[in-house]
Amino acid sequence: MKSNVIGVLAGIATGALLGVLFAPDKGSKTRKKIKDKTLETKDTIKEELDNFLNTVSKKYESVVKDGEEILEKGKKEVNKKTVNSKS
């Protein structure tokens with residue numbers, strides 16, 4: 001998943017830059033376009049990174065919750081075995 005995100009972001013940045021550089025315009029207009037595309041790409045990268053981190057965070061929370069449930073289930077089974085062995 002991480003490599004997909006990086007690939008998408010690199011493709012966006014490369015496409016934006018090439019599109020601006022090959023457009024026939026005055027230097028000042030081209031610089032403005034590069035600046036605007038850079039800001040736009042930065043926002044896109046930030047959004048994609050936020051989405052990626054949110055997904056990772058949710059997965060982490062899910063794994064922690066599952067681990068806690070397994071640990072609690074294991075404790076209950078140990079307690080049952082201890083009580084049964086004393087009887």
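A salt bridge is taken here as a side-chain nitrogen of Lys or Arg lying within 4 Å of a carboxyl oxygen of Asp or Glu. In the predicted model examined here, a search of the whole structure under this criterion returns 2 salt bridges. These pairs are described below, after the overall form of the chain and before its nonpolar surface.

The secondary structure of the chain consists of 2 helices and 0 strands. Helix 1 covers residues 2-21, and helix 2 covers residues 27-86. Along the principal axes, the C-alpha atoms occupy a box of roughly 90 × 15 × 10 Å. The radius of gyration is 26 Å, whereas a compact globule of 87 residues would be expected to have a value near 12 Å. Of the 87 residues, 8% count as buried, and the chain exposes about 7400 Å², of which carbon and sulfur atoms supply 60%.

Two separations within the chain may be set beside these overall dimensions. L39, a residue of helix 2, lies 21 residues from Y60 along the chain, and the C-alpha atoms of the two are separated by 31 Å. K29, likewise placed in helix 2, is 19 residues from A10 in sequence, with a C-alpha to C-alpha distance of 24 Å. Both L39 and K29 fall in the partly exposed class, because the relative accessible area is 41% for L39 and 48% for K29, and this class lies between the limits of 20% and 50%.

With regard to charge, the chain carries 19 positive and 13 negative side chains, and the centres of the two sets lie 2 Å apart. Side chains of opposite charge can pair when their charged atoms come close. One such pair is formed by D36 and K32, whose closest N and O atoms are 3.0 Å apart. Because D36 and K32 are 4 residues apart in helix 2, about one helical turn separates them. The two partners are assigned to separate accessibility classes: D36 counts as partly exposed at 37% relative accessibility, while K32, at 52%, counts as exposed, the threshold for the exposed class being over 50%.

The other pair joins K46 to D50, again with 3.0 Å between the closest N and O atoms. K46 and D50 also lie in helix 2, with a spacing of 4 residues that corresponds to about one turn of the helix. Here K46 is classed as exposed, with a relative accessible area of 51%, and D50 is partly exposed, with a value of 39%. In this pair, as in the one formed by D36 and K32, the lysine is therefore the exposed partner and the aspartate the partly exposed one.

The nonpolar surface includes a patch of about 430 Å², made by L17, L18, L21 and F22. Among these residues, L21 belongs to helix 1, which spans residues 2-21. L21 is partly exposed, with a relative accessible area of 48%, and this value satisfies the requirement of over 30% for patch residues.

Key:
Residues numbered from 1 in each chain as written. Predicted model: local features only at pLDDT ≥ 70, side-chain atom pairs only at ≥ 80, totals over all residues. Heavy atoms only, no water. Patch = residues over 30% accessible without salt bridge, like charges linked within 9 Å, V, L, I, M, F, W, Y side chains within 5 Å. Areas by Shrake-Rupley, 256 points an atom, 1.4 Å probe, with all protein chains shown as cover. Buried < 20%, exposed > 50% of the residue type's maximum accessible area, 1.4 Å probe, protein only. Rg over C-alpha atoms; globule rule 2.2 N^0.38 Å. Lys, Arg positive; Asp, Glu negative; His and termini not counted. Charge placed at Lys NZ, Arg CZ, Asp CG, Glu CD.
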